[in-house]
Amino acid sequence: MQAIALCGMAFWASAANSAEDPASPAWIGKRVDLFMSLCPATAPRFGRFNAAARDSGFLADSKGRLIYKATEVVASLKNSDGRCDCLVSFGTDNPKLAADMILKRLLSSYGSRFQADEDPDSLGELKSADGNLSIQVVTMREAKSQWIGAVVHGNQKCPA
């Protein structure tokens, strides 16, 4: 899991220039909105991920993959151990607030469909018709920047 987050975060080493403070709820809220509209909203099969990413303003990298929106926001799908992982990572000066905001949004958006699980590294599970989807948040420091990666682990291969 951490390798996925590190891979996505390695594309960008510095935060985007903005008038907003990268530790502010407004800055973080915009990035949490991107995560919610891409990973949980397109789960469990992630078949609408590419369209949702384009609609959110994400651009393709040099290999044609939709992986970024702004300098420090990365979004991608990755096949891992026969399942599809949906990742959104971004730079922030307050990763704890970002993780808390993601948890609150999951609870308010999905209610009883989002529940705690036994994995200490997980925020919980999103109940779906195709099985439970684990949701994790990883934080790390890269150079002088702090990063958060939010991942929804699917139960099947990524769409072609």
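Let's start on the outside: the accessible surface of the protein chain comes to about 8000 Å², and 50% of that belongs to carbon and sulfur atoms. Keep in mind as you look around that this is a predicted model.

Now for the layout. The protein chain has 4 helices and 8 strands. Walking from the N terminus, you pass through them in the order α-α-α-β-β-β-β-α-β-β-β-β. The chain has 160 residues, and buried ones make up 46% of them. If you take the contacts between residues at least 6 apart in sequence, 56% join residues at least 24 apart.

Next, head inside to the largest nonpolar core, which has 35 residues. The members that touch the most others are Phe35, Leu38, Val88, Ile102 and Val152. Several elements chip in at least two residues each: helices H2 (25-42), H3 (49-55) and H4 (95-110), along with strands E3 (73-80), E4 (83-91), E7 (133-142) and E8 (145-153). H2 gives the largest share, with 8 residues.

Leu38 is a good place to pause. Leaving aside residues up to four places away in sequence, Leu38 touches Phe49, Ala52, Ala53, Phe58, Ala75, Cys86 and Val88. Val88, like Leu38, is on the list of core members touching the most others.

What about the rings? The structure holds 0 aromatic pairs. Trp27 does have a charged partner, though: Arg31 lies over the face of Trp27, 3.6 Å from the ring centre.

Note on methods
Residues are numbered from 1 along each chain as its sequence is written. This is a predicted model: local features need pLDDT of at least 70, side-chain atom pairs count only at pLDDT 80 or more; totals for chains, interfaces and linings use all residues. Side-chain values use heavy atoms; hydrogens and water are left out. A nonpolar core is a set of buried Ala, Val, Leu, Ile, Met, Phe, Trp, Tyr and Cys residues joined through side-chain atoms within 4.5 Å. Buried means under 20% relative accessible area, exposed over 50%, partly exposed in between (1.4 Å probe, protein chains only). Contact means heavy atoms within 4.5 Å. Accessible areas come from the Shrake-Rupley method with a 1.4 Å probe; for residues, only the protein chains shown count as cover. Rings of Phe, Tyr and Trp (its six-membered ring) pair if their centres lie within 6.5 Å; planes under 30 degrees apart count as stacked, over 60 as edge-to-face and the rest as tilted. A charge sits over a ring if NZ of Lys or CZ of Arg is within 6 Å of the ring centre and within 35 degrees of the ring normal.
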